[in-house]
Amino acid sequence: MRRYLIEHLLIEASDEIIDGAVLDVDDGVVVWSGSSAQAPERPEVTVQRLSGTVIPGLVNAHCHTPMMLFRGAGEGLPTDRWLTEVIWPREARLQAGDIEIAMWFGAAEMLRNGITGTCEMYFHGEQMAQAANEVGLRCLITPPLIESAVFSNLGSIDDQLADIISLRDRWSGSDRIRVGLGPHAAYSLSESTLIRIAEVAAAEKMPVHIHVAEQPAEGDEITARTGLSVPSYLDRLGLLTTQTHAAHSVWLTSSDIDLFAERGVRVLHCPVSNGRHASGIAPISALRSAGATVSLGTDGPVSHDRIDLFEEMRTAVRYARIRQMDAMALSAREALAMATDGASVGNCDLGRLRAGCPADFVRLETTAPEFEPWFGSEALVDRLVWGVQPEHVRDVWVGGEQRVADRQVIGLDLEELGQRVRHRAQELATG
Ligand SMILES: [Zn+2]
């Protein structure tokens, strides 16, 4: 067992910051946390002092991390052209080895930004899982299910489903890696395929991670054919359940919002990406008032440029307030809760440093000028959300194991990896 004596500790987004705290960790799990004045006596344990502020590891609800190989590509293009002219041709050239390099590098970037868990939709699930596991990042991997001639190398939908289930079975003993299904979107899959995916998800009890209503016109063909909005259509096919993770969900009607709340769908809000692609501002306040769950995701590194949930939190707060024209529409603390939602990677115990929960935590250096004046317990959580930049993230632990020490990712040569990433990115861009 190890005891951390912590200058300032935030146990969970909804709590107050404790000055002079103790965090006891054994075998990767929190054993005790709270004020040092109330801590149990443990004369035998190893003690480590941590200055600054310790918070739970952040959880990224929606990402395509290996797309960091395409960072900067297609800047400024409308989303449909960006996908078909820039991204898909590059993706069709990807090799399994590219995914491993990109995932190592992207996982390192996330850890250095205080992210300890991520929900990923990308190809080559086995390489994603291996790389995330080696770097020490928790990952819900949902390989994309896709019907397109560009991706004919993936095989039929039944082949793709069988591959995902065997990936799930291979990693079933892992504490870090979980596996779900990633149907890309309602508009890019046939009705019969969506029904098949719903059947498999129900039979195998697997999460379904899907893009929904990101752009205003993407569901027009479905609506013209069925008379239904995309959420109602997905519901009719059996795809809206408590296991559904609906990325973006920008263009929802009020009945779609009620339907999401009724079915217990988790909305993955990606405001930075929505701004970059001019998708719109998602109705987060209405979703939350209706009782739907909203988690925060960065989206892929081509849509955000940096995999940074602190920037995402600030953008979420600003957009929610602009959309409602109400400065109370979303608080910084609520945004932090949305960025530490363990259920978005399939583990409800993440995002809180309480007894029995995984010891995933981040030490922030909070003595910088941007955090002053540091006083008033209610205001301090806000101060963190508005103030933290990546350089303030100094140390990171996942499952009690230190993965970042003074901003260095333990065991990775980022310079060498960066050269490999640059080299492959150039090759993929030119074909
Ligand atoms: Zn996405």
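Hi everyone, let me begin out in a loop: leaving aside neighbours within four places in sequence, Asp406 is in contact with Arg394 and Asp395, where contact means heavy atoms within 4.5 Å. Asp406 lies in the loop between strand S17 (401-405) and strand S18 (408-409). When I say helix or strand, I mean DSSP runs, H or I of at least four residues for helices and E of at least two for strands, numbered from the N terminus.

A quick word on what we are looking at. This is a predicted model, in which local features need pLDDT of at least 70 and side-chain atom pairs count only at pLDDT 80 or more, while totals for chains, interfaces and linings use all residues. Residues are numbered from 1 along each chain as its sequence is written, and side-chain values use heavy atoms, with hydrogens and water left out.

Back to Asp406. Its phi is positive, about 50°, although the residue is not a glycine. Is Asp406 buried or exposed? Neither, quite: Asp406 is partly exposed, with a relative accessible area of 45%. For those words, buried means under 20% relative accessible area, exposed means over 50%, and partly exposed is in between, with a 1.4 Å probe and protein chains only. Asp406 and Val396 are ten residues apart in sequence, and their C-alpha atoms are 8.8 Å apart in space.

Now, the metal. Which residues coordinate the zinc ion? They are His62, His64 and His211, each through NE2, and Asp299 through OD, at 2.1 to 2.7 Å. Donors here are N, O and S atoms within 2.8 Å of the metal (3.2 Å for Na, K and Ca), and water is not among the atoms, so sites may look incomplete. Along the chain, the donors follow the spacing H-x1-H-x146-H-x87-D.

What is the geometry of the site? It is irregular, with angles of 83 to 172° among the four donor atoms. To be called tetrahedral, four donors need all angles between 85 and 135 degrees; four count as square planar, and six as octahedral, if opposite donors are over 155 degrees apart and all others between 65 and 115; anything else is irregular.

Let's look at those ligands one by one. His62 is buried, with a relative accessible area of 0%, and His64 is buried too, at 7%. Asp299 is also buried, at 5%. This aspartate lies in the loop between strand S14 (293-296) and helix H11 (301-304). Asp299 also has a positive phi, near 65°, in a residue other than glycine.

Next, a pair of helices. The axes of helix H2 (residues 96-112) and helix H3 (residues 125-135) come within 8 Å and cross at roughly 35°. The contact is made from the H2 side by residues including Ile99, Met103, Trp104 and Leu111, and from the H3 side by residues including Met128, Ala131 and Val135. By class, the contact residues divide into eleven nonpolar, two polar and two charged. Here Ala, Val, Leu, Ile, Met, Phe, Trp, Tyr, Cys and Pro count as nonpolar, Asp, Glu, Lys and Arg as charged, and the others, Gly among them, as polar. The axes, by the way, are lines fitted to C-alpha atoms, for helices over the stretch in contact, and angles run from 0 to 180 degrees between N-to-C directions.

On to some prolines. Pro144 lies in strand S8 (residues 144-145) and counts as buried at 9% relative accessibility. Not counting residues up to four places away in sequence, Pro144 touches Met121, Tyr122, Phe123, Gln160 and Gly182. The C-alpha atoms of Pro144 and His184 are separated by 5.6 Å, although the two are 40 residues apart along the chain.

Pro231 sits in helix H7 (residues 230-236), and counts as buried at 1% relative accessibility. Beyond its neighbours within four places in sequence, Pro231 is in contact with residues including Val212, Leu252 and Phe260. Asp235 is found in H7 as well, and touches Leu240, Leu259 and Arg263, again not counting residues up to four places away.

Last stop: a cis peptide bond joins Glu372 and Pro373, with omega about 0°. Pro373 is in the loop between S15 and H14. Helix H14 (residues 377-387) has the buried residues Leu380, Val381, Arg383, Leu384, Val385 and Gly387. They pack against strand S4 (46-56), helix H12 (309-324), helix H13 (332-338) and strand S15 (361-364).

Thanks, everyone!
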